[in-house]
Amino acid sequence: MQGNLPPEAQEKLEELQDLQETAQQVAAQKQQAETQLNESETALEALDDIEEDTVMYREVGELLVETEYDEAYDDLEEKVDSLEVRVEQLSKQEERVREQFESLQQELQQMLQGGAGGGGGPMGPGGAGGA
């Protein structure tokens, strides 16, 4: 099926497939960052209900290490801030990829609907029509 496409259309199709892969990767990264953000926000809220002199531990690799309340709170706050920025960046990247995908998809459709014309450029609107 793809072998019958003009070379320009084949290129656009490959670009579309690449963009689709990129979109899936960005979506997975965003989901992971959102999950980490929710977990960190939950932990930060839990700290509000804990007395400051409570003995606390933090996970460091395979170990639990004693930590101070203020240090734990500051670290979690910093992590939440950083994850919020990360999620926002990934959302913007996701939107840019979506816009590129839609634009490329339209170009490919116009190219295929334009049929055997094949000037190779996006200049023509493809409205010449009638056979």
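Colleague: In what order do the elements of the protein chain run from the N terminus on?

Modeller: The model is a predicted one. Its protein chain follows the order α-β-β-α, read from the N terminus.

Colleague: How many helices and how many strands are there in the protein chain?

Modeller: The protein chain has two helices and two strands. Helix α1 covers residues 7-48, and helix α2 covers residues 69-113.

Colleague: Let us turn to contacts. Among those between residues at least 6 apart in sequence, what percentage join residues at least 24 apart?

Modeller: The value is 67% for the protein chain. M111 and A9 offer a pair that is 102 residues apart along the chain, with their C-alpha atoms separated by 6.7 Å.

Colleague: Where is M111 found, and which residues is M111 in contact with?

Modeller: M111 belongs to helix α2. Apart from neighbours within four places in sequence, its contacts are E8, A9 and K12.

Colleague: Why does M111 count as partly exposed?

Modeller: M111 has a relative accessibility of 25%. Partly exposed is the class between under 20%, which is buried, and over 50%, which is exposed, so M111 at 25% counts as partly exposed.

Colleague: And K30, is that residue buried or exposed?

Modeller: K30 is buried, because its relative accessible area is 16% and the buried class is under 20%.

Colleague: Which residues does K30 touch, not counting those up to four places away in sequence?

Modeller: K30, which lies in helix α1, touches L90, S91 and E94.

Colleague: What percentage of the residues of the protein chain count as buried?

Modeller: The figure is 20% of the 131 residues. The accessible surface of the protein chain comes to about 10,000 Å², and 46% of that surface belongs to carbon and sulfur atoms.

Colleague: Changing topic to charge: which residues form the negative surface patch?

Modeller: The patch is formed by E51, E52, D53, E66, E68, D70, D74, E77, E78, D81 and E84.

Colleague: Which helix gives the most to the negative patch, and with how many residues?

Modeller: Helix α2 gives the most, contributing six residues to the patch.

Colleague: Where is the place of D70, and why does D70 count as partly exposed?

Modeller: D70, one of the patch residues, is located in helix α2. Its relative accessibility is 48%; the exposed class begins over 50% and the buried class is under 20%, so D70 counts as partly exposed.

Terms used: Residues are numbered from 1 along each chain as its sequence is written. This is a predicted model: local features need pLDDT of at least 70, side-chain atom pairs count only at pLDDT 80 or more; totals for chains, interfaces and linings use all residues. Side-chain values use heavy atoms; hydrogens and water are left out. Helices (H or I, at least four residues) and strands (E, at least two) are DSSP runs, numbered from the N terminus. Buried means under 20% relative accessible area, exposed over 50%, partly exposed in between (1.4 Å probe, protein chains only). Contact means heavy atoms within 4.5 Å. Patches are made of residues with over 30% relative accessible area and no salt bridge: like charges are joined within 9 Å, nonpolar side chains (Val, Leu, Ile, Met, Phe, Trp, Tyr) within 5 Å. Accessible areas come from the Shrake-Rupley method with a 1.4 Å probe; for residues, only the protein chains shown count as cover. A salt bridge is a side-chain nitrogen of Lys or Arg within 4 Å of a carboxyl oxygen of Asp or Glu. Lys and Arg count as positive and Asp and Glu as negative; His and the chain ends are not counted. The place of a charge is taken as NZ of Lys, CZ of Arg, CG of Asp or CD of Glu.
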